[in-house]
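I opened a fresh notebook page today and went through the structure step by step. Here is what I looked up, in order.

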Amino acid sequence: MPFVALLVAAQTSTVATETYPAAFFADYVPQTALDMIERLPGFRLDIGAEGMRGFAEAGGNVLVDGARPASKSGGLAAAIAAIPAGQVSRIDVVRGGGATGEASGQAVVANIIRIARQEGLAVDAKLALEGEGLFGNASVTATRSVGGFDLAARTTFDRSGQRSFGTRSQFDPVGRQTGQQALTFDTSYPELAQRLTVDGVLAGGRLQAAAMLAHARLAEAFTFVGKNNAARFPKRTGRWRGELSADWARVVGEDYALKFLALTSVTDVDAKSFSQAGATVAALTTTDLFESRAVSRETIVRATLGRNGISAWRPEAGAEIAWNSLDNRAIASSYVAAPSQLKSEARVSETRADVFIALEWRPAQRWAVTAGAAYELSSLRARGDADREGRFGFLKPRLALVYRPDERSNLRLSVRRSVGQLSLSDFAASANLVEGKAYGGNADLVPDHRVSVALDYDRRFGRRGALNLNLFHDWRGDVLEAAVLPQGGFGAVNVPHARVWGGAANLELPVDRLAPGGLLKLGYAYQSSRIVDPVTGQRRGITGQRPQTLTVAFRQDLSAARFSWGLDYTRGFGDWSWYVDEARRHRRAGELGAYVETTSFKAAKIRLQVDGLLGTRNTYDRAQYATTRASAASGREIWDIRTPVMASVSLSRYF
C-alpha cells in the first residue's frame with residue numbers, strides 16, 4: 001500500500017526515532033505485538049483511559065502504522081494484543097515527545113509497523129487454578145486480505161474470578177473485640193466478545209474501521225459466618241457493550257495529513273445487590289435489595305490537519321465534538337419490620353467540544369520546543385432526583401522543552417494544564433450493601449483540573465539496558481472527595497485545592513555476565529499529597545493514593561534451549577480511603593510470582609506460571625464513626641482477606 005507507507009513515514013520521521021526490527025525480539029519468542037511492546041528497552045506502556053469520554057484524552061502511547069486504534073472499547077492493550085507477532089515488521093520508538101500527531105503530548109511513543117497483506121491465524125488459551133476455583137480465557141484471531149482490505153476477526157472468551165477467605169473482626173471504641181466472623185469472597189466474571197477490524201485504502205486515503213460486541217455477567221458475593229449469625233451479600237450484574245468506529249486519513253499536499261474519525265458506542269448494565277441475614281447460611285432471608293439499570297451512550301466526531309515529515313516547524317489544528325448520556329434508574333427495597341421502597345432516577349446528558357492547535361519547533365539538531373493549547377466547552381444537563389444545567393469552559397495550554405545530550409539520552413521539561421471529567425454516575429444514587437453504605441447523586445459537581453510540571457530523563461545503554469527518571473508536581477483544583485451533600489446524605493463534592501508531588505525511577509539492567517540472556521528490572525515510585533478534608537477540615541492525603549511502590553523482576557532467555565524463566569516481586573503497600581463516616585486503611589502484602597516458558601513444541605509457546613507464592617493478603621482497617629468523621633468514634637472493623645496461590649498454564653501459537 002504505497003499510500004499507507006507514505007502516511008506512516010510522515011508521522012514517524014523525527015531525529016529522535018529508534019528502530020527495533022522484528023529480529024530484536026526473537027529471543028523472547030513473542031506471540032503478539034503486546035509481547036513485543038513489553039520488551040522495548042526503557043518503554044513504559046500507557047494504555048490511556050478507556051473510561052474517559054471523547055477520543056482526545058483516551059489514547060495511550062502506542063500507535064499502529066502511525067495511527068491510534070480507532071476503537072475505544074477494550075482499551076489499547078486489547079487492540080495491540082490482537083496483532084500477531086508474525087505480522088509486525090518493526091517497532092519505532094519516538095522519544096522526547098511532541099505536541100502534534102496521534103499521541104500528542106506523550107514523552108515516549110511506540111509505533112508498530114505491520115507487514116502489508118499478511119494473512120494468518122493466532123490462538124491463545126489459558127487455564128488457571130486458584131484454590132477450588134477454575135478460571136481461564138481463550139481467543140482466536142483470523143486475518144486475511146479481501147479486495148484490497150486487510151480484515152481481522154477476533155473472538156475472545158474470558159472467565160476470570162477469585163475465591164478468597166479470611167476473617168472480619170469488630171471492636172468497640174476503646175479497642176475491645178466484640179465479635180468475629182469467618183469471611184468468604186467469591187467472584188466470577190465470564191465475558192464473550194467479538195471484534196472485527198478493516199484496514200485499507202479508500203477514496204485516496206487510508207480507512208480503519210472497527211466493530212465490537214461483548215456480553216458479560218458478573219457474580220460476586222461476600223459471606224460472613226459467626227457463632228449464632230450469618231450474612232451474605234450477593235451481587236449479580238449483566239452488561240452489554242457495542243461500538244462502531246471509523247478513521248479515515250490521507251496525505252494532502254506534500255507533507256500534511258488530514259484525518260477524520262467517527263465513533264458511537266452504547267453500554268447497558270443491569271445490577272442487583274442483595275442483603276441476606278439469618279442464624280445460619282441455610283436459613284438466610286433477604287432483608288434489603290438494591291436494583292439499578294444504567295444505559296450510557298457516546299458519539300464522537302473528530303477532525304485534524306497537521307504537518308508531518310522532517311520540517312523544523314510542524315503545526316497541527318483540529319476539533320472534536322462528543323455527545324454523552326446516561327439514563328440511570330434505581331430502586332432500594334427493604335423487607336424488615338417496616339417494609340419500604342425508594343426509587344431514584346437520573347438522566348444526564350453532556351455535549352463537549354474541543355478546539356485545539358499545536359506546534360512543534362526544532363531550532364537545532366538536539367533541541368525541540370513543543371507548544372499547544374486547547375479550549376474545551378461543555379454543556380451538562382441533569383434531570384431526576386435533582387435538576388441541574390451547567391456550562392463549563394477551560395483553556396488547556398501545554399509547553400515542553402526537549403534536549404538530547406547524545407543519541408541515547410533525552411531530557412524533557414514540561415508544563416501543562418489539564419481538565420478531568422465528571423463521572424456521569426456521580427449524578428445518580430448508588431449503594432454498597434456489604435459495607436452498609438448508600439450514596440446520593442450530586443448535581444452541583446464541576447470537573448477537577450490541574451497544572452502539572454514534570455521533568456523526565458531517560459537513557460539507553462547496551463542492547464537492552466535503560467534508565468528512566470521522573471519528577472513531578474501537580475497543583476489541583478475541584479478535587480472530588482466524599483462529604484455530606486447539601487440536601488443530606490453522602491456523596492461526592494468538590495474540594496477547591498490540593499497538591500500532589502513525587503517521582504519514579506526504573507532501571508533495566510542486562511546481567512549477561514552472571515546469567516547469559518538475563519535481564520533485571522527495578523522500579524520505584526513515590527508520591528505524596530495534601531488536601532483539606534471536607535468533613536473534618538484537617539489536612540490529609542488524597543483518597544486512594546499509594547505513597548510508595550517497589551517492583552523487582554528477573555528474566556532469563558536461553559535461546560538455544562528455546563526456554564525462558566523469570567521471577568516477579570512487588571513489595572507490599574498501603575493507602576487510605578476517606579468516607580464521610582469511615583477512615584479506611586488498606587494494606588496489601590508483598591507478592592511473588594514465578595514462570596517458565598518453552599517454545600520447543602511445534603513453535604507454540606507454553607507458559608507455566610504460579611502467582612501468590614508469598615500468600616496474597618489484603619487487610620482493610622475500617623475506623624467507623626457515629627455520624628461523620630467529625631463526631632466520636634463508634635467502633636472499628638478489620639477485614640483480613642487471603643487468596644490462595646494461583647497456578648496457570650497457557651498456550652499460544654501463530655499459524
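Before starting, I fixed my term: a nonpolar core is a set of buried Ala, Val, Leu, Ile, Met, Phe, Trp, Tyr and Cys residues joined through side-chain atoms within 4.5 Å. I also noted that this is a predicted model.

**Entry 1: the main core.** I asked which residues of the largest nonpolar core touch the most other members. Of its 23 residues, I found F25, I37, L40, V62, I80, I91 and I112 in that role. I then checked where this core comes from: helix 2 (33–37), strand 2 (62–64), helix 3 (75–81), strand 3 (88–95) and strand 4 (108–114) each give at least two residues. Helix 2 has the largest share, with 4 residues.

**Entry 2: around L40.** Leaving out residues up to four places away in sequence, I listed Y20, F25, I91, V93, A110 and E508 as the residues that L40 touches.

**Entry 3: another core.** Apart from the largest core, I came across one of 9 residues, including A382, F392, V419 and A492.

**Entry 4: N410.** I placed N410 in strand 17 (residues 409–419). Is N410 buried or exposed? N410 counts as buried because its relative accessibility is 2%, under the 20% cut-off. Its side chain makes a polar contact with the side chain of R404, at 3.4 Å.

**Entry 5: the whole chain.** I finished with totals. The protein chain has 3 helices and 33 strands, and 46% of its 655 residues are buried. Of the contacts between residues at least 6 apart in sequence, 64% join residues at least 24 apart. The chain exposes about 30,000 Å², with 59% of that supplied by carbon and sulfur atoms.

Conventions. Residues numbered from 1 in each chain as written. Predicted model: local features only at pLDDT ≥ 70, side-chain atom pairs only at ≥ 80, totals over all residues. Heavy atoms only, no water. Buried < 20%, exposed > 50% of the residue type's maximum accessible area, 1.4 Å probe, protein only. Contact = heavy atoms within 4.5 Å. Areas by Shrake-Rupley, 256 points an atom, 1.4 Å probe, with all protein chains shown as cover. Polar contact = N/O pair within 3.5 Å; in protein donor to acceptor, adjacent residues only side chain to side chain.
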